[in-house]
Amino acid sequence: MTNLSDAQLSQLKQGLHKRRLELQDEVRDDLARSGEQRYIDLAVKVGSIGDDSVASMLIDIDTVITDHAVHELREIEASLKRLSEMSFGDCADCGGEIGFARLLAYPTAQRCTPCQGRHEKTFHHDSTPSL
Ligand SMILES: [Zn+2]
């Protein structure tokens, strides 16, 4: 469990909620602009959903229009879940502290800086086209 104080946790939580609202708006606008009726219907839903239904709504959205926003929304959902399970702030790889400063800059961070560096190196290596 992380050593973050209650005040720090609630600050991070507020940031996540704020970002989620921004992304919900972005997703809704993208869907509304798509010109496709099923996405426009979805946009109306996105505008009126409560906290609990965001995750299930995301499953319905499979369009590339909102891909990056949907991806980030999923990360925010996962972070809020970790917050409620009190596993927030622990590095997914080494179990150490991610640290408040890093979380403030990247509230959805799942790894401490050294582990993230290793992860990205590995990931980048794996995804390099072999052409
Ligand atoms: Zn780590």
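This is a short talk on the helices of one predicted protein chain.

Hi everyone, first some housekeeping. Residues are numbered from 1 along each chain as its sequence is written. Because this is a predicted model, local features need pLDDT of at least 70 and side-chain atom pairs count only at pLDDT 80 or more, while totals for chains, interfaces and linings use all residues.

How confident is the predictor? pLDDT, its confidence in each residue from 0 to 100, averages 81 over the protein chain, and 76% of the residues score at least 70. Among the elements, helix H5 (residues 100–105) has the highest mean, 93, and helix H3 (residues 54–60) the lowest, 58. Where pLDDT is low, the predicted coordinates should not be read in detail.

Now the layout. The protein chain has 6 helices and 0 strands; these are DSSP runs numbered from the N terminus, helices being H or I with at least four residues and strands E with at least two.

Let's start with H1, residues 6–33. Its 28 residues should span 40 Å at 1.5 Å a residue, and its end C-alpha atoms are indeed 40 Å apart. The expected span is 1.5 Å times one less than the number of residues. Buried residues of H1 include Leu12, Leu16, Leu23 and Val27; buried means 20 or more other C-beta atoms, placed from the backbone, within 10 Å of a residue's own. After H1 comes Gly35, with a positive phi near 80°.

On to H4, residues 67–84: 18 residues, 26 Å expected, and 26 Å between its end C-alpha atoms. Among its buried residues are Val70, Leu73 and Ile76. Met86 follows H4, with a positive phi near 60°.

Technical notes: A residue is buried if 20 or more other C-beta atoms lie within 10 Å of its own, exposed if 12 or fewer, and partly exposed in between; C-beta atoms are placed from the backbone. pLDDT is the predictor's confidence in each residue, from 0 to 100.
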